Amino acid sequence: MADITKVTEIYGSLVFDSDTMKERLPKDVFKSVQKTARMGSHLERALADIVAAAMKEWAIELGATHYTHWFQPMTGLTAEKHDSFISPTDDGNVIMEFSGKELIKGEPDASSFPSGGLRATFEARGYTAWDPSSPAFIKDGTLYIPTAFCSYKGEALDKKTPLLRSQEAVSKSAKRLLHLIGRTDIAHIDVTVGAEQEYFLIDKDMYKRRKDLMICGRTLLGAPAPKGQEKEDHYFGVLKPKVAQFMHELDMELWKLGIPAKTKHNEVAPAQHELAPLFETANIAVDHNQLTMEIMKKVADKFGYACLLHEKPFAGINGSGKHDNWSLSTDSGENLLDPGKTPGENKQFLLLLMAVIAAVDDYQELIRLSVATAGNDHRLGGDEAPPAIVSVFIGDELAGVLKSIEEGEVYEGEDKVRMTWAHILPHITMDTTDRNRTSPFAFTGNKFEFRMPGSSLSMAQPNVAINTAVSEELDRIYDKLKDVPLSEQSTAIDAILRRMLRQHKRIIFNGNGYTQEWVEEAKRRGLLNLASVPDAIPYIKSDKIVELMEKHKVLSKEELESRYEIYLENYIKEIHIEALTLCEMVRKDISYSIVNYSRIVAQDAAGKLKVDNTLKCTYEKDILKRLDAAEDGICSAMDQLDADIKKAEALSDPLETARFYRDVILEDMNKVRGFVDAAELIIPNEYVNYPTYEEMLFSLR
């Protein structure tokens with residue numbers, strides 16, 4: 001284990017951060033870069049050349065030979081094309097060069113990335129543009145330059161561009177409102193994000209023997225193990241030695257890249273774990289989360305593990321999410337969602353709180369569709385993750401504050417309860433809110449925790465939705481306040497808060513989101529229950545969402561329509577690949593297992609009868625009967641699945657096709673799985689051609 005000195009030495013050692021820039025750049029150039037990163041101002045080409053030269057020298061000193069513009073296309077993954085620093089000289093040698101032009105702009109071939117119809121497939125040109133607000137870093141001998149990715153005509157083809165636009169929008173809207181109420185000291189407002197990442201670790205050799213995990217990321221077959229998570233003994237349990245070594249190595253690799261990995265622990269399900277970082281500005285947090293997922297897989301491979309990031313890799317136990325802890329902070333570091341000691345009197349906090357609550361209510365469909373994926377459909381609504389119904393939890397104290405505002409009363413408040421468990425233990429003051437793990441969008445003291453995102457999702461999507469919706473609500477508050485005389489402002493704020501609360505209190509729910517009673521209550525309140533991707537995604541083209549996104553210059557109508565096509569296409573392709581993989585596994589793996597084991601059992605029975613033909617062979621006959629029934633069921637269900645796959649392939653409308661895959665293909669797959677899993681429960685593990693749940697979930701050492 002590394003000592004604390006080594007940790008402080010390696011932290012950010014592979015990052016071209018502000019300290020490194022300050023050391024290597026002329027003072028005026030450094031200030032210009034900082035201004036560009038902070039305020040979004042333009043960096044002149046001559047200054048870019050100076051930055052590029054310093055960045056190249058630093059990278060070469062650390063062993064880099066190549067550079068890449070690192071971007072986040074609509075695949076949800078990252079992309080990179082590597083170019084070397086070498087440049088030929090007249091004498092046949094090479095020198096190492098890197099210009100400001102190469103730093104600022106790249107031109108990857110855009111023809112094979114999802115565009116949703118924004119460009120024709122034969123039009124290959126696309127551009128990457130340097131994002132100076134996210135620092136460059138070195139990985140595997142290459143200088144990585146975070147960039148945005150757009151088409152030849154400037155449309156966003158990536159996740160980063162709309163995120164940066166949404167951050168600018170919420171900063172502009174929040175700053176304007178706060179200046180109006182007297183906070184003219186604020187020059188800029190940042191969205192801060194902390195992305196908790198859940199994941200599974202399983203033995204790599206077992207992973208390689210599971211075609212479904214390798215191709216689809218989740219198991220399409222598999223009977224439950226005798227034990228799952230019902231004993232609740234894995235959560236926060238003692239780390240197994242090799243897992244602890246993996247986590248330590250992961251921390252070290254992340255720290256080198258300046259990723260502030262903070263917390264690590266066992267999660268609820270067997271073989272499931274979590275990593276949580278400290279808060280960062282949203283853009284950097286999103287970049288760092290993409291890197292974290294990549295490094296997790298890389299380090300896991302080194303330890304003989306496979307890291308699973310699918311939302312539901314195993315049926316019957318908890319899936320994996322990615323909690324988006326969202327807040328706003330000023331350029332001086334003040335958390336604007338900190339209620340302070342007297343939240344009932346904190347008008348600034350209450351305005352921002354109600355803006356977020358109103359945003360979630362008014363744009364609940366946008367919040368929901370921002371996390372809609374085929375994998376997440378398996379997770380949301382189970383007793384492990386929030387329901388698909390969007391609601392806001394605020395806790396008892398804030399509920400009391402808002403109730404007093406609604407009723408026009410002075411909030412008296414209550415003395416903080418000090419809990420004493422035993423005389424030897426310290427006194428602990430009760431927090432402002434409890435933690436409601438069933439809430440999709442919960443206020444947790446000084447931030448909102450959005451718990452709906454799935455574990456493999458790019459964090460850009462939900463933050464674009466939240467940022468833009470909050471920007472709109474802040475603008476609406478500003479419009480109501482802008483003409484109010486300063487002497488009447490406090491009274492006007494109270495009236496605005498009261499009106500907003502009455503209008504949006506339907507979205508506030510502090511109870512158990514897992515109950516059927518809440519589903520029925522939410523329907524009575526008029527809240528949406530968008531259970532699947534085909535339910536949620538069509539809203540992205542609604543007039544309301546288009547108007548919102550275009551007003552705040554986050555996404556154009558054309559860019560939204562392209563995302564509609566891409567999201568549905570991804571959903572269709574994912575389930576189609578799963579269906580084909582399931583068919584292949586059944587025909588090549590489970591069919592062989594059933595036939596082989598049936599033959600062995602039949603031979604055993606025949607052997608017994610040969611010795612004594614009066615024996616009944618009841619056990620053997622029962623096994624054969626059950627296997628025969630499973631085999632008949634599999635054959636019938638597979639015939640139906642094959643026929644329905646052909647029907648699906650003949651459909652042309654994306655939404656109709658997506659609904660068919662949801663309603664028909666997934667149901668067919670579940671029927672096949674039911675018969676297969678029934679057979680697997682009978683067949684000994686040595687005759688099953690793939691690792692079982694028991695082997696995968698309880699094999700870590």
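1. Helix α10 makes the largest contribution to the lining of the second largest cavity, with four residues. The model is predicted. α10 spans residues 282-302, and β9 (189-203) and β11 (272-277) also supply at least two lining residues each.

2. The second largest cavity has a volume of about 80 Å³. Its lining consists of Val193, Ala195, Ile259, Leu275, Pro277, Leu278, Glu280, Ala285, His288, Asn289 and Thr292. By character, seven of these residues are nonpolar, three are polar and one is charged.

3. How many cavities of 30 Å³ or more does the structure hold? There are two. The largest encloses about 180 Å³ of space.

4. The largest cavity has 17 lining residues. Nearest its centre lie Gln461, Val464, Leu555, Arg563 and Tyr567. Elements giving two or more residues to this lining are α12 (364-369), α15 (460-481) and α20 (557-611). Which of the elements gives the most to the lining of the largest cavity? That is α15, with four residues.

5. The lining of the largest cavity is made up of 12 nonpolar, two polar and three charged residues. For anyone inspecting this site, Arg563 is among the residues nearest the cavity centre.

6. Backbone angles next. Most residues other than glycine have a negative phi. Phenylalanine 236 has a positive phi, about 60 degrees, and is not a glycine. Phenylalanine 236 sits in the loop between α8 and α9 (241-256). Is phenylalanine 236 buried or exposed? Its relative accessibility is 54%, so phenylalanine 236 counts as exposed, the cut-off being over 50%.

7. Alanine 271 also has a positive phi without being a glycine, here about 70 degrees. Where is alanine 271 placed? It lies in the loop between β10 (261-266) and β11. Alanine 271 counts as buried because its relative accessibility is 3%, and buried means under 20%.

8. On the surface, Met214, Ile215 and Ile577 make a nonpolar patch of about 270 Å². Ile215 belongs to helix α8, which covers residues 211-216. The loop that holds phenylalanine 236 runs between α8 and α9.

Notes
Residues numbered from 1 in each chain as written. Predicted model: local features only at pLDDT ≥ 70, side-chain atom pairs only at ≥ 80, totals over all residues. Heavy atoms only, no water. Patch = residues over 30% accessible without salt bridge, like charges linked within 9 Å, V, L, I, M, F, W, Y side chains within 5 Å. Areas by Shrake-Rupley, 256 points an atom, 1.4 Å probe, with all protein chains shown as cover. Salt bridge = Lys/Arg side-chain N within 4 Å of Asp/Glu carboxyl O. 1 Å grid on protein atoms, 1.4 Å probe; cavity = no way out; pocket = protein on both sides within 12 Å on 5 of 7 lines; lining within 4 Å. Points joined across faces, edges and corners; volume = space filled by probe spheres on them. Nonpolar A, V, L, I, M, F, W, Y, C, P; charged D, E, K, R; others polar. Buried < 20%, exposed > 50% of the residue type's maximum accessible area, 1.4 Å probe, protein only.
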